[in-house]
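Okay, thanks for coming, everyone. Let me put the structure up, and then I'll walk you through how its strands and helices fit together.

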Amino acid sequence: MTQDYTPLLFAVGGAHMDRRGQSSVPFIPGASNPGIMREEPGGGVFNALRLAVRRGVRAEMLSVRGGDRVGDVIGAAFEAAGIKDSSAVFIDRATPSYTAILDEQGDVVAAIADMALYELALPRQLRRRKGRDSLDAADAGFGDANLPSEALQKLAELAGGKPLYALAISPAKAVRLRPVLGDLACLFLNRREAFALTGLGADASLPDLHRALTAEGLHTAVVSNGGQAALVYSSGGAFSLLPPALTGIADVTGAGDALAGGTISALMRGLPLEDAVREGFAASALTLQTHSATPIFTSRIFDAALATIPEAIPLA
């Protein structure tokens, strides 16, 4: 890959409307809590892809959406992000959405994912020639567990040995990735999603997680844990990485997506995993400090955030 070449990442997954209501007082379940509602285009892969583009890769994405006003907003978001939109539009369907309720600290207390269209239509789209041709032209593929397991297996087949990255999305959906774990260049997940894949409990140590995920056939992973130490491992070894302490967290939505997007872009630019993950955590930190899942930043702001990320520490 020449110095002037910009790598191309082809993604398949969710691009929908994110709606978030955040309480402005200590959250009381079962009661009316004063707060504020926000909405913006989102989706695990779409959020990560927009971050990756800002960090130096080209991108194309295949998703599905409805022929409604929300679908028009999602289409405009593709154009604004500079991502080639290869999505299918179903005129008689509603665009998928994600609605979350956040407490006063920005943590999710409840959420509903209305995403039946992904289940219905994405596997069919991956069987069409357009998806195969797009992945053939790309340097790497990227999918999320919004795709049914059948579609994830098709994506792995189409990748044909190219690096294939994945985002676990949620504990309920992470298990869809089991048939393709051995095909992934890297899986991005949190501890709850790792427990869903491995059957381990909340008291599992990082070495426990490393052994269990490796036993599942997963060769490389980044397992985040909020503000606690993350597990990062590949065939080159296992590491822990402690995110920086942050004050004034605005909203946790999209932080894991930013971690994936920042890491993948760095890997595609040639950085080793432990250095690439530091870039991912810088992107995640910037996301946590805004009310948007895709923050806007300059190179100077990003470099300042990167300077706060410690070096990865080999796992004992």
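Let's begin with one pair of residues: Ser-97 stands opposite Asp-114 in β9. Before I go on, a word on what you're looking at: this is a predicted model, where local features need pLDDT of at least 70 and side-chain atom pairs count only at pLDDT 80 or more, while totals for chains, interfaces and linings use all residues. Residues are numbered from 1 along each chain as its sequence is written, and side-chain values use heavy atoms, with hydrogens and water left out.

Back to that pair. β8 and β9 run antiparallel and are joined by 6 bridges. When I say strand or helix, I mean DSSP runs numbered from the N terminus, H or I of at least four residues for helices and E of at least two for strands. And two strands pair if DSSP finds at least two bridges between them. The β8 and β9 hairpin has 5 residues between the strands, and in it Gly-106 takes a positive phi near 90°.

On to the other partner of β8. Strand β2, residues 16–23, runs parallel to β8, residues 97–102, and 6 bridges join the two. Across that pairing, Arg-20 stands opposite Ala-100 in β8.

So which order do the strands of this open sheet take? It goes β3-β2-β8-β9, 4 strands with mixed pairing. At the edges you have β3 (35–42) and β9 (108–114), each with a single partner strand, so one side of each has no neighbour in the sheet. On average, neighbouring strands here are turned by 15° against each other, direction ignored. For angles like that, axes are lines fitted to C-alpha atoms, for helices over the stretch in contact, and angles run from 0 to 180 degrees between N-to-C directions. Lying across β2 and β3 is helix α2, residues 69–81, which runs at about 100° to β2.

Now the other sheet. This open sheet has 10 strands, again with mixed pairing, in the order β6-β4-β1-β10-β11-β12-β13-β14-β15-β16. Its edges are β6 (84–85) and β16 (313–314), and each has a single partner strand, so one side of each is left without a neighbour in the sheet. Inside it, β10 (residues 140–144) and β11 (residues 164–167) pair in the parallel sense over 4 bridges. Look for Gly-141 there: its bridge partner in β11 is Leu-164.

Okay, helices. Two packed helices are described by the angle between their axes and the distance between the axes. Take α1 (residues 44–54) and α9 (residues 255–268): they pack at about 45°, with axes 7 Å apart. That makes α1 oblique to α9, where under 35 degrees counts as roughly parallel, over 145 as roughly antiparallel, 65 to 115 as roughly perpendicular and the rest as oblique. The crossing is right-handed, meaning the near helix is turned clockwise from the far one by less than a right angle, with anticlockwise being left-handed. Residues in the contact (heavy atoms within 4.5 Å) include Leu-51 of α1 and Ala-258 of α9. By class, there are 5 nonpolar, 5 polar and 1 charged residues; Ala, Val, Leu, Ile, Met, Phe, Trp, Tyr, Cys and Pro count as nonpolar, Asp, Glu, Lys and Arg as charged, and the others, Gly among them, as polar.

Next, α7 (residues 191–198) and α8 (residues 206–215) pack at about 45° with axes 10 Å apart. They are therefore oblique to each other, and their crossing is left-handed. Among the residues in contact are Phe-195 of α7 and Leu-209 of α8. That contact has 7 nonpolar, 1 polar and 1 charged residues.

Third pair: the axes of α4 and α5 (residues 149–159) come within 9 Å and cross at roughly 50°, which makes α4 oblique to α5. This crossing is right-handed. Arg-132, Leu-135 and Asp-136 of α4 meet Leu-155, Leu-158 and Ala-159 of α5.

Last thing, charges. How many salt bridges does a search of the whole structure find? It finds 12, counting a side-chain nitrogen of Lys or Arg within 4 Å of a carboxyl oxygen of Asp or Glu. One to look at is Asp-133 with Arg-129, whose closest N and O atoms are 3.3 Å apart. Because Asp-133 and Arg-129 are 4 residues apart in α4 (residues 129–137), about one helical turn separates them.
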